[in-house]
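Biologist: I want to see how the labels in this model are earned. Please take me through them.

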Amino acid sequence: MKYIFVTGGVVSSLGKGLTAASLGTLLEARRLRVVLQKFDPYLNVDPGTMNPFQHGEVYVLNDGAETDLDLGHYERFTNCVLTRYNNLTSGQVYETVILKERRGDYLGKTVQVIPHVTDVIKDRIRQLSDESKYDVVITEIGGTTGDIEGLPFLEAIRQFILEVGPQHVLNMHVTLVPYIKAAHELKTKPTQQSVAKLREIGLQPQVLICRAEKPLDRDLRRKLSMFCSVAEKAVIEERDVEHTIYEVPLTLHAEGLDELVCDLLHLETPKPDLKDWRKFVERVVNPSKRVKIAVVGKYMDVRDAYKSIYESLTHAAASEDCGIDLKLIDAETLANGVDGQLKDVAGILVPGGFGVRGAEGKINAARYAREHRIPYLGLCLGMQLATIEFARNVCGIKDANSTEFDKITPQPVISLLEEQRGVRNKGASMRLGTWPTKIVPGTLAEKIYGDTEVTERHRHRYEFNMKYREQMNAKGFVISGTSPDGTLAELIELRNHPYFVGCQYHPEFQSKPNKPHPLFRGFIAAALAFQVRGQKPSTTGKEAPTSVSDEELVLQR
Ligand code: GLN
């Protein structure tokens, strides 16, 4: 078993997660079995309670763990399927230590950072070290070297290396080599100091990944090599990629990273097979057509807030040989009408979210998509709001609302899940993780998935109120997928619309390059068809989904 630790220096936001994930791609391409994990030094137990403005999206795993978005990169860039054991925060570490102390597990000892906190951290690395499953564990340490919170993690790594032997471990430090315009020069000093900081703790990196705006020349590589005590060929340049993040594994491969890592860890492998990856990148970079998609949400200035959604759109578009022009629209600007903002788009996506802000704008977007027969994809909250829209404007249920926005609404078309009543804590208390969905035969959903049973990841508190099912179905609102017992609505669609789909779950967490999610792929295909058809509402009905009779629907509770 080999271990790679990825630390970051100088500043945050260097794309350490992407670099770690890309190394995962390369090692998998060399037929190694790889698993990735992330250590986050902050004190939150998990990022589930953090504001996306600050922390980006919360990525949900199969087992319902709410984790850092870097785990999304790991799952998209490699074949590993992660669990809650792949993301450890200081909050969890201290929670574990304090619970043990209260139970009396420390047998009267004074409880300290070394060894008790560091033991918990090392245990977590060992938990993943199952030789029968993996060859390499890649552990990324969040934050920047020098942060107070990060120290116990770095100390734990120092001890861990001592225990397993340095020949089985590699430290990779991702650092910034800034370009100073006035001097026309790339500067190595911040990296030197960051490495010095690591050495103070007893860690010596063997590989430097240098994020730089300009190419690193030979002299600069020599300088970094000498001052940081890293072999010259282990000074790896990582410049901003030109088109897509999926180029990162290819540029790192061109710099010789995977070969170097295998040499340093004495791993014998075949040359990497990057054929499919290259083909995917080629399709992303040079599509034969383009399509304009609107995303109507709340955090439009924070690219990380809907990370997995944007990635899923990229995967789906690549599979249809098209590029995406994203139109990001702040839902609040649509509150009083869409005002022409949606007239030039071929698809409208409304993501998940919490709270009433922007809700009316998203409802207006859903209405516009329905009335103009523009492909619509509503994810979680986006499905709930499309439901409210249909209830209000097609079924005449004027006061239709979600109890999330109006606790005492007379028409709770969306209401709190039964299991949520009485739940007070905000952390990890939603309906989370993978649950099966049974798809109604003959629906568009069945056509899209090509299957009648799927499993998808969830993160919500509210649900469709089945009391309204019949009334809405009569007007063309179809529940096309439910929980296996038929009690929870999981998927909705409109009978007389080419592609109006909403899901109570988050398909964006299961899409990958070369393996786009069916709902996204169907959405892009429908958007392309819409574009070809022109903006005129189609009346042929040819592309309309098969109608579903009430008998075909699963029984209501
Ligand atoms: N706020 C809604 C709920 O809790 C939707 C959640 C989401 O979009 N993830 O049910």
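**Labels and their cut-offs**

Modeller: Start with helix H1 (residues 16-29) and helix H3 (residues 70-77): their axes come within 9 Å and cross at roughly 20 degrees. This is a predicted model; local features need pLDDT of at least 70, side-chain atom pairs count only at pLDDT 80 or more, and totals for chains, interfaces and linings use all residues. Residues are numbered from 1 along each chain as its sequence is written, and side-chain values use heavy atoms, with hydrogens and water left out.

Biologist: Why is H1 called roughly parallel to H3?

Modeller: Angles under 35 degrees count as roughly parallel, over 145 as roughly antiparallel, 65 to 115 as roughly perpendicular and the rest as oblique. The angle here is roughly 20 degrees, so H1 is roughly parallel to H3.

Biologist: Which residues make the contact?

Modeller: Contact means heavy atoms within 4.5 Å. H1 gives Gly 17, Leu 18, Ala 20, Ala 21, Ser 22 and Thr 25; H3 gives Asp 70, His 73, Tyr 74 and Phe 77.

Biologist: Now the sheet. What makes E16 and E20 edge strands?

Modeller: The open sheet has the order E16-E17-E20, with mixed pairing. Two strands pair if DSSP finds at least two bridges between them. Strand E16 (400-402) and strand E20 (462-464) each have a single partner strand, so one side of each lacks a neighbour in the sheet.

Biologist: How do you know that E16 and E17 pair?

Modeller: Strand E17 (residues 411-416) and E16 share three bridges, in the parallel sense. The cut-off is at least two, so they pair. One bridge joins Ala 400 to Gln 411.

Methods: Axes fitted to C-alpha atoms, helices over the stretch in contact; angles between N-to-C directions. Helix = DSSP H or I, 4+ residues; strand = E, 2+ residues; numbered from the N terminus.
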